[in-house]
Structures are given as structure tokens and as C-alpha cells.
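Hi,

Here is the structure I promised to pass on. Have a look at it first, and then read my notes below.

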Amino acid sequence: MATKKNYTYGVGKRKNASARVRLYKQSLHGDAGKGSEENTVNGQVVGKYFPGDAARVSWSKPLELLMLTDKYFFTARVTGGGKEGQLDAVVHGLSRALSKVKTEHRQPLKKAGLLKRDSRERERRKMNTGGKARRRKQSPKR
């Protein structure tokens, strides 16, 4: 028996981090069928997972840009990378999910640069570099 999904899906990536974001429509009655209607990342409230004002501004930017903070909430599963890469991956995935909801959302998100994937990756470590990607071992003086 197939169940009807009540969310929109978006995948965001940054460096080695990857986020799977589910965007839910806020219910009027308080029963969305998905527990509490809070923005969560890996089962934690997003403010606890990404603490600080700078992080809050970053993850709420797509929703505030479209003035949809009280109409939608999201859950995200993030793997890999560090906290900054994970935060950018969540923003990217959330923006993609919002653009799937309505085609009119795509243009403002694109103009704000939220749909562009930041392709900068960590450079791999080369041989004989003393633990870093580009560092060379010091040559003897005499």
C-alpha cells in the first residue's frame, strides 16, 4: 500500500557535506502528521544544531526571502563535512525544495544565489608533501 507523501524533497551539497531536506507545509490545525512543526536537522532543533545568529540568518534566508517562514517547515538529514559545509548544504537543499514547490519561487532564489552549488572541494593530499596538499618538504641547506 503506497502512502501519499506530504513533503517536497531537495538535495543540497557543499564540499563533502550532503543534506537531504524535506519541506512540509505548515498545517492550520497543528496536526501535520509529522510530530512537531519545527525546523530540525538530524533530529535536533536547527538552532541547537547550528548555534549562533550568523547560522540562523543563513538557514532562514530562503524562507525569509520568499516570506514563507510561517507557511513551511523543514527536516534535514546531513552527512559528511564540517558544520559550515553542512549549513551551506542545508540552505542549498532547502532552496531547491522551495523552487520545486512553486516555479515562481525559482527566480528570486536564483537571483539571491541560493540555487547555485558551491563547487569548491577540498584538494587531495599529494605524495611527499608532509601531510598537506601543496606543501613541499624542506630541502637541505648544505
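**Two helices side by side**

On the α2 side, Ala55, Ser58, Trp59, Pro62 and Leu63 make contact with Leu87, Val91, Leu94, Ser95 and Leu98 of α3. Sorted by class, the residues of this α2 and α3 contact are eight nonpolar and two polar, with no charged ones. Before you go further, keep in mind that this is a predicted model. Helix α2 covers residues 53-65, and its axis and that of α3 come within 8 Å and cross at roughly 10°. Angles under 35 degrees count as roughly parallel, so α2 and α3 are roughly parallel to each other.

**Salt bridges around Arg14**

How many salt bridges does the structure hold? The count is six, and I'll go through some of them here. As you know, side chains of opposite charge can pair when their charged atoms come close.

Arginine 14 is a good place to start. One of its partners is aspartate 88, with 3.5 Å between the closest N and O atoms of the salt bridge. This pair ties together distant parts of the chain, since arginine 14 belongs to strand β1 (residues 7-14) and aspartate 88 to helix α3 (residues 83-101), 74 residues apart.

Arginine 14 also forms a salt bridge with aspartate 118, and here the closest N and O atoms are 3.3 Å apart. Again distant parts of the chain are linked: arginine 14 sits in strand β1, aspartate 118 is in the segment after α4 (106-111), and their positions lie 104 residues apart in the numbering.

Is arginine 14 buried or exposed? Its relative accessibility is 8%, and the cut-off for buried is under 20%, so arginine 14 counts as buried. Both aspartates, on the other hand, are partly exposed: aspartate 88 has a relative accessible area of 31%, and aspartate 118 has 26%.

Another salt bridge joins the side chains of lysine 126 and glutamate 123, at 2.6 Å from N to O. Lysine 126 is partly exposed at 25% relative accessibility, and glutamate 123 is partly exposed too, at 34%. As for a wider network, salt bridges with shared partners connect Arg14, Asp88, Asp118 and Arg120 into one.

**Asparagine 39, in a loop**

Where does asparagine 39 lie? Look in the loop between β2 (17-25) and β3 (40-41). Asparagine 39 is buried, because its relative accessible area of 16% falls under the 20% cut-off. Leaving aside residues up to four places away in sequence, asparagine 39 touches Gln44, Val45, Val46, Trp59, Phe73 and Phe74. Trp59 may ring a bell, as it is also among the α2 residues that meet α3.

With phenylalanine 74 there is a polar contact as well: a polar atom of the asparagine 39 side chain lies 2.9 Å from the backbone nitrogen of phenylalanine 74. For a rough sense of distance, the C-alpha atoms of asparagine 39 and aspartate 70 are separated by 11 Å, and these two residues are 31 residues apart along the chain.

**Two asparagines with positive phi**

Most residues other than glycine have a negative phi. Which is why I'd point you to two more asparagines. Asparagine 42 has a positive phi of about 50° although it is not a glycine. You'll find asparagine 42 in the loop between β3 and β4 (44-45), where it is partly exposed with a relative accessible area of 25%.

Asparagine 128 is also not a glycine, yet it has a positive phi of about 60°. Asparagine 128 is in the segment after α4. At 53% relative accessibility, over the 50% cut-off, asparagine 128 counts as exposed.

Cheers

How values were computed: Residues numbered from 1 in each chain as written. Predicted model: local features only at pLDDT ≥ 70, side-chain atom pairs only at ≥ 80, totals over all residues. Heavy atoms only, no water. Helix = DSSP H or I, 4+ residues; strand = E, 2+ residues; numbered from the N terminus. Buried < 20%, exposed > 50% of the residue type's maximum accessible area, 1.4 Å probe, protein only. Contact = heavy atoms within 4.5 Å. Polar contact = N/O pair within 3.5 Å; in protein donor to acceptor, adjacent residues only side chain to side chain. Salt bridge = Lys/Arg side-chain N within 4 Å of Asp/Glu carboxyl O. Axes fitted to C-alpha atoms, helices over the stretch in contact; angles between N-to-C directions. Parallel < 35°, antiparallel > 145°, perpendicular 65-115°, else oblique. Nonpolar A, V, L, I, M, F, W, Y, C, P; charged D, E, K, R; others polar.
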